[in-house]
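Work through the exercises below with the sequence and the coordinates open. Try each task before reading its solution.

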Amino acid sequence: MAISHDSNETSYLLPPNTEDWEGHNIPDFVYGQKELVPEGIQWPRNTPSLPDTLPLSRFDSALCSAWRQRMELGLFRYRLGELQTRTLPGAVGFVAQLNVERGVQRRRPQNIRSVRQAFDPEQFNFNKIRPGEVLFHLHREPDLPGVLQQEDILVVINVSPLEWGHVLLVPEPARGLPQRLLPGALRAGVEAVLLSSHPGFRVGFNSLGGLASVNHLHLHGYYLAHRLPVEGAPSKPLDPGGHLHLLQALPAPGFLFYTSSPGPDLEALISRVCRATDYLTDHEIAHNLFVTRGGPPGKTSSSSALTGVRVILWARKPSFGVKEGEAFNVALCELAGHLPVKMSQDFSSLTEAAALALIRDCLLPPAQAEEVQAALVALTAQEEQ
């Protein structure tokens with residue numbers, strides 16, 4: 001992808017000499033409220049569409065140019081080519097992709113035994129990455145009205161990428177925060193989606209027990225040039241104020257939070273989501289979260305306009321470590337309908353029914369799911385009093 005840089009703009013590229021990387025000042029990507037675009041970003045008619053075939057926002061240009069350079073410099077565990085992709089026949093619309101290299105070469109997950117496990121500085125963490133893996137600091141202009149100051153976020157390549165532009169959003173890594181969602185991290189994730197002009201830039205979070213492989217606070221962000229079922233899946237309200245909804249469609253029922261405007265509305269959403277994830281963490285319930293542009297709650301459809309941001313939260317059975325021998329492991333992207341498959345034979349034979357069976361096996365039993373739903377509805381009601 002060829003991206004031009006104005007001579008007055010910050011460069012997000014590494015110096016040409018590797019010996020200069022250690023002392024290289026990490027550039028800042030500073031954004032303002034006007035760059036957060038909740039509406040008007042749509043899928044083109046001729047989807048799928050890679051990032052370089054759509055107009056790029058300033059954020060997309062910074063991320064994609066720096067990410068591509070790191071790929072060319074060999075800083076990833078493998079060189080990501082164009083992935084074989086197919087939409088599984090059936091009502092859901094699963095997007096399956098064959099990514100053999102990730103299945104073979106990604107770092108082994110850490111030994112996690114609890115959703116509330118403390119940070120361990122002896123284990124791998126993002127203070128131990130190579131200097132060239134950091135793309136930039138992400139932070140907004142200070143003193144935006146009605147918004148709390150956001151902490152500094154490092155945008156780092158995921159060295160075992162799922163897809164194009166796969167990065168990690170890591171809040172102040174020196175603090176040694178465990179993998180428990182915090183408002184500043186979620187805000188950065190939602191605002192990253194709003195900063196991108198590509199409808200397929202998504203952000204997500206895996207809790208411990210929800211297949212997070214590193215116990216150091218981080219979110220994932222990546223481009224996927226395909227619509228996903230959760231963008232327009234129908235939902236029903238769970239509270240009178242209409243702040244908490246239940247996604248009723250496949251691939252998995254989840255809690256839906258929605259906003260169509262940055263500012264106070266977004267801050268309220270962040271507060272509600274983090275109250276919910278705090279409850280789940282405190283009760284040792286693993287969870288996954290997905291942030292995507294999408295339609296408003298209600299009777300929407302897969303072709304719905306992308307009028308705002310959907311944040312979907314799934315409570316699930318805990319799963320520690322990677323299960324061998326399965327076509328895919330169930331985490332944030334699989335629950336949203338994106339299935340990175342590890343082996344070619346599974347990719348060619350995978351059916352919608354088999355994918356749904358793997359996902360259902362990771363969901364909470366009905367009685368516990370109802371208990372969680374009642375608790376989150378009660379939390380929402382407390383906030384509205």
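**Exercise 1.** Locate glutamate 284 in the predicted model, and state which loop holds glutamate 284. Then decide whether glutamate 284 is buried, partly exposed or exposed.

*Solution.*
- Step 1: Find the flanking elements. Glutamate 284 sits in the loop between α4 (264-282) and β12 (286-294).
- Step 2: Check the backbone. Phi is positive at about 55 degrees, although glutamate 284 is not a glycine.
- Step 3: Apply the cut-offs. Buried means under 20% relative accessible area, and exposed means over 50%. Glutamate 284 has 29% relative accessibility, so it counts as partly exposed.

**Exercise 2.** Place leucine 211 between two strands, and classify leucine 211 as buried or exposed.

*Solution.*
- Step 1: The loop runs between β7 (201-206) and β8 (219-223), and leucine 211 lies in it.
- Step 2: Phi of leucine 211 is near 80 degrees, a positive value in a residue other than glycine.
- Step 3: The relative accessible area of leucine 211 is 18%, so this residue is buried.

**Exercise 3.** Identify the residues joined by a cis peptide bond at proline 251, and name the loop around proline 251.

*Solution.*
- Step 1: Read omega. For the bond joining leucine 250 and proline 251, omega is about 15 degrees, and the bond is cis.
- Step 2: Map the position. Proline 251 belongs to the loop between β10 (245-247) and β11 (254-259).

**Exercise 4.** Compare the span of helix α1 with its expected value. Then describe how well α1 is covered.

*Solution.*
- Step 1: α1 covers residues 58-72, 15 residues in total.
- Step 2: From first C-alpha to last, α1 reaches 21 Å, close to the 21 Å expected at 1.5 Å a residue.
- Step 3: Count the burial. In α1, 12 of 15 residues are buried, and the helix is mostly covered. Among them are Phe59, Leu63, Trp67 and Met71, and also the charged Asp60 and Arg70.
- Step 4: Look past the end. Glycine 74 follows α1, with a positive phi near 80 degrees.

**Exercise 5.** Test the protein chain against the radius of gyration of a compact globule, and report its buried share.

*Solution.*
- Step 1: Take the inventory. The protein chain has 8 helices and 14 strands.
- Step 2: For 385 residues, a compact globule would have a radius near 21 Å; the chain has 20 Å, which agrees.
- Step 3: Buried residues make up 57% of the 385 residues.
- Step 4: Of the contacts with a separation of 6 or more, 72% link residues 24 or more positions apart.

Terms used:
Residues are numbered from 1 along each chain as its sequence is written. This is a predicted model: local features need pLDDT of at least 70, side-chain atom pairs count only at pLDDT 80 or more; totals for chains, interfaces and linings use all residues. Side-chain values use heavy atoms; hydrogens and water are left out. Helices (H or I, at least four residues) and strands (E, at least two) are DSSP runs, numbered from the N terminus. The radius of gyration is taken over C-alpha atoms; the globule rule is 2.2 Å times the number of residues to the power 0.38. Buried means under 20% relative accessible area, exposed over 50%, partly exposed in between (1.4 Å probe, protein chains only). Contact means heavy atoms within 4.5 Å. The expected span of a helix is 1.5 Å times one less than its number of residues.
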